[in-house]
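Okay, thanks for having me, everyone. Have a look at the screen and I'll walk you through a few local details.

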Amino acid sequence: MIDDIGAHLVDSISDALTATHVIASDGKSKLRRTPKLMICLCKTSNILSIEWLEQSAKQQRILDTNGFLLLDDREAEKRYNFSMKDTLENGKKARLDSGGILGSWYVHICGGVFGNQAPSAKELPLVVEATGATLLSDLKKISDPLKTIVITSDPSTQSQLKEHGVARLEGLGAKILTTSWLFHTIITQTFSTSIDEGPPHSSRQSSKRKAIKSPPSHGNRRKSSRKR
């Protein structure tokens, strides 16, 4: 079906941020907050049901996404405490205003976070970069502590809080926040330094189309991919 509409499958998570159309559900299984989905939520508002691809293939052309947005997965919205409708609107505004939900921020990921109820060392940096943030490999030279976020596990470990530079930065106004905060920020596309995953809040194209396909459960060629 992807070939029928001149699309190209984006299979690697490294290329997920290039997707313009995301097939996030096959209509049978519920949406999952995978690393790929989190990347794509930061980059496009075209989060779609499989019906968009099926109907596009049937007509052998790229259909408008209106009417195919994945807005009715109440189970997933309840599980992750968000509204997809609000998320898509919030994300579009964040990209226009600041290049992404964390577009003006610097982010450092503490040791021990990768794989600890969080994506891998390959995936999580890609997720952070998709938000528009500047990823910091260390805390030696920080240009603006007030715009710096240090990500720990949830709950934070003592070793993470004692990591070199963390306490000093916190004293200078940096935010020490958890992976749960990060994932909720992305799934809602809203920014608040509170770590409470409270109720979702309403927020205040490229010429080349690409699509990304999610399996059941995060040139002029268009692209599509399968999420893990």
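Quick bit of vocabulary first: helices here are DSSP runs of H or I, at least four residues, strands are runs of E, at least two, and both are numbered from the N terminus. This is a predicted model, so you know: local features need pLDDT of at least 70, side-chain atom pairs count only at pLDDT 80 or more, and totals for chains, interfaces and linings use all residues. Residues are numbered from 1 along each chain as its sequence is written, and side-chain values use heavy atoms, with hydrogens and water left out.

Let's start with helix α4, residues 84-98. The expected span of a helix is 1.5 Å times one less than its number of residues. For the 15 residues of α4 that gives 21 Å, and the end C-alpha atoms are 21 Å apart, so the two agree. Right after α4 comes Gly99, with a positive phi near 80°.

Which residues of α4 are buried? By buried I mean under 20% relative accessible area; exposed is over 50%, and partly exposed is in between, with a 1.4 Å probe and protein chains only. The list is Met84, Asp86, Thr87, Leu88, Asn90, Gly91 and Ala94. Those buried residues pack against α1 (35-41), β2 (47-49), α3 (74-80) and α8 (179-188), where contact means heavy atoms within 4.5 Å. And remember, an α-helix has 3.6 residues a turn, so residues three or four places apart point the same way.

Now some backbone oddities. Asn81 sits in the loop between α3 and α4, and its phi is positive, near 55°, though Asn81 isn't a glycine. Asn81 counts as partly exposed, at 23% relative accessibility. Gln189, another non-glycine, has a positive phi of about 55°. Gln189 is in the loop between α8 and β7 (211-213), but this one is buried, with a relative accessible area of 3%.

There's also a cis peptide bond, from Asp154 to Pro155, with omega near 5°. You'll find Pro155 in the loop between β5 (148-152) and α6 (158-161).

Last thing, the cysteines. How many disulfides does a search of the whole structure find? Zero, taking a disulfide as a pair of cysteine sulfur atoms within 2.5 Å. For Cys40, the nearest cysteine sulfur is that of Cys42, 9.0 Å away. That's too far for a bond, seen from Cys42 as well. Cys40 is buried at 0% relative accessibility, and Cys42 is buried at 3%.
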